[in-house]
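Colleague: Please choose one part of this model and take me through it closely. Then set that part in the context of its chain.

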Amino acid sequence: MVDITPADGIPPAEVAEVELYHPHSWWTKYVFSQDAKVIAIQYSATATGIGLVALVLSWLMRLQLGFPGTFDFITPEAYYQFITMHGMIMVIYLLTALFLGGFGNYLIPLMVGARDMVFPYVNMLSYWIYLLAVLVLVSSFFAPGGPTGAGWTLYPPQAIMSGTPGGQDWGIILMLSSLILFIIGFTMGGLNYVVTVLQGRTRGMTMMRLPLTVWGIFTATVMALLAFPALFVASVMMLLDRVLGTSFFMPAISEMGEQLQHNGGSPILFQHLFWFFGHPEVYIVALPAFGIVSDLISTHARKNIFGYRMMVWAIVGIGALSFVVWAHHMYVSGMHPYFGFFFATTTLIIAIPTAIKVYNWVLTLWRGDIHLTIPMLFALAFIVTFVNGGLTGLFLGNVVVDVPLSDTMFVVAHFHMVMGVAPILVVFGAIYHWYPKVTGRMLNEALGRFHFWVTFLGAYLIFFPMHYLGLMGVPRRYAELTDMTIMTESAHHLNSFISIMAFIVGFAQMVFLFNLIWSIRHGREAGGNPWRATTLEWQTPQTPPAHGNFGKDLPIVYRWAYDYSVPGAKEDFIPQNIPGSFGPSKEPA
Amino acid sequence: MAVALVLVLIVVGSVLFHLLSPWWWTPIASNWAYIDNTIIITFWITGIVFAAVVLFMAYCVFRFRHREGNRAFYEPENKRLESWLTIVTAVGVTALLVPGLFVWSRFVNVPSDATNVEVVAQQWQWSFRLPGKDGKLGTSDTRDVTADNPLGVIGGDPNGQDDVVVEAADLHLPVGKPVKMLLRSIDVLHDFYVPEFRAKMDMIPGSVTYFWFTPTRTGTFQVLCAELCGQGHPLMHGVVVVDTQQDYLAWLGQQQTFAQLSAPLQTGSADQAPGKTMASGLKIAAKLETVRAR
């Protein structure tokens, strides 16, 4: 490795301390904290809490699908409210908030060698506005008419009409308001993550020495800052349509024999705005998962990530391409059919950088020294489910194949596998990996393995067979599947099986939650670097890291993040802040 | 060991499930066997990739699992391998895309001998309109929808007078004749979907969308709505009957034209009048009741 010595012109290691950022009381230390690590835990806890609501909602909808007619309280109205809130919570309030607000806040400053985010006060505001967004969302459960049942895509005109639960009540208004708040809060956090990565890196930490976790979160945040405005304006416009009676998305409509006071709007305009946000959103969730899983695999296989530069360019390439594929969600929306040629081509092109990432993960395993720790198990499970879900994307992305499959259970199975199960497996892997840094203790191993096997195999058994229901033609978003000629007796049995698996997998998450709480006091002491990892967060003087992260002096970085099993080195890992050369340098320039 | 074994079992299990499970597509009833073939090609290519990746992982986990004294091989990059894999992937993707786009171009280009059939959706029922002897459908507008003119056909358009209107009843089609389905909605998004025909398309209030197909066998097929359209969505079933030419003509002879339907009616349309004054919640409940009873 080439030694990096601070050259002339490089500013002194740190800017002067700002008194304001230091906590002075219990309130400013744990509640209104400006420390990114505390904010990360606040984000994660809130996201997990609302995620549990989404889990219960999924049980309720599976009760209805698996055992139709058994539970009278699940009316079609309630069913649509359940699926809508489940989808929205999972995609926005859980996954986006957890990956960016949770992992982003905790890991970015530590991994780039910064004391904190560059704008700590704005970072704090970001969390509190997120919390407000969650509370507004939850309040819709208690509002007259209940939450919206428009489907998580909120397609107008039905989203704001009386045939849809919450359409002419409070549900849709609270949903749109909550989204607007979420985006405001996210923008505050997002600017922080981007500027911290660009400006807050410690000396020697070049962009091409960043761990892939940071690359994933960074690129996802840039994308989110570009994509969320589309959802923001769409939400504002729909709110105006609903509250003030404008007609952005509302054409002339005759509802149940009555002419509505709308005219000339375009329902499909909403779909374009929604998916211009919605498709990048898939990668906003996926890219942090890609980054994190790369680091999990590398650390636990004791081997450098294979093809680091290619991995970085694949992340950036996927991020850029994801902005020109949105209309593959709209092949049968009635947009001009010639768009199908363009969007099918771009969509299948995005499969190439994605495939490269998969190859590089499995090639990292090749000739590694694979420790089958719990984070590694989750990483392996991620690859299986992600490959499975990614490949079914080749069905749905290939415009004509999408025609029979779109709006069926095939789509539900596909996106759950690829952006539900796969990223959540990474979340679990990441929690087992970084929990020792956050708390100083290891999570319980036996409970962890139980949690892993039930979650992985259970989720696969839920979603793999579900594709075949879609292939039969079973549509999604059906509150009841009765009186349908395509629904065979055996298909109903399959639905019952899927529901039972869903309860089992849900139960395993309770075990995980118990483990999270129990291990805070009773887990095995972890020490500062239990996984013998190279990245900076494991090199902090205290575990958990104190306010300011790195003690008196910030670390100086001398090497990339993947010096595992370097020939000639005594240990099988060399932390990034260790100077000196060990044999021939192979770090990609 | 156990992990490698489970990975192998996932591949074997998935393939066996695919081959042996009873859940497969319905027997096709249209010309879109091309789409089925494209799906088969996609299953082959993606199935091979899935098996290859997961089995390779299983091998790695077995062969390179940690044992005392093991050390990983240090190899940050391998340009040749990386470009080689990129090229193979690009070839695979092209093999999927080219047939896909080829079939799509057939799907979007309607043959010139296709007959127009209009489908009009509303919460939560299907209506249909066929061109009369002139072969042309009259223009329509949602703002012209009334109880007596449920499809909003513009009364002044001479082309519309002989149009056959099928309100909330079954559609019949002759076998072997290409049809262009012109899709319209008067309230929210819907989607006209018959699984056996393989084709579907959203219907958007304010626009006319389309798809075409040729029914290839006679029979009765269920129409499903495939775009969430409110709480009656799962009840929004319809029926398409594919007839021989003879049966089709017999059915067509019994249908009424727009001109016949819009002649002044004697009845006071008892079930419509109270509808106008009902609160919207009650109206929806009443509508759901009607749909459910059908």
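Modeller: The part I would choose is helix H10 of chain A, which is mostly covered: 24 of its 24 residues are buried, where buried asks for 20 or more other C-beta atoms, placed from the backbone, within 10 Å of the residue's own. This is a predicted model, in which local features need pLDDT of at least 70 and side-chain atom pairs count only at pLDDT 80 or more, while totals for chains, interfaces and linings use all residues. Residues are numbered from 1 along each chain as its sequence is written, and chains are lettered from A and ligands numbered from 1 in the order in which they are written.

H10(A) covers residues 374–397, and its end C-alpha atoms are 33 Å apart. That agrees with the 34 Å expected for 24 residues at 1.5 Å a residue, the span being 1.5 Å times one less than the number of residues.

As for its surroundings, chain A holds 14 helices and 2 strands, taken as DSSP runs (H or I, at least four residues; E, at least two) numbered from the N terminus. Its radius of gyration is 24 Å, close to the 25 Å of the globule rule for 589 residues, so chain A is as compact as a globular protein of that length; the radius is taken over C-alpha atoms, and the rule is 2.2 Å times the number of residues to the power 0.38. The C-alpha trace of chain A spans about 80 × 50 × 50 Å along its principal axes.

Burial extends to the chain as a whole, where 62% of the 589 residues of chain A count as buried.

How values were computed:
Buried ≥ 20, exposed ≤ 12 C-beta atoms within 10 Å, placed from the backbone.
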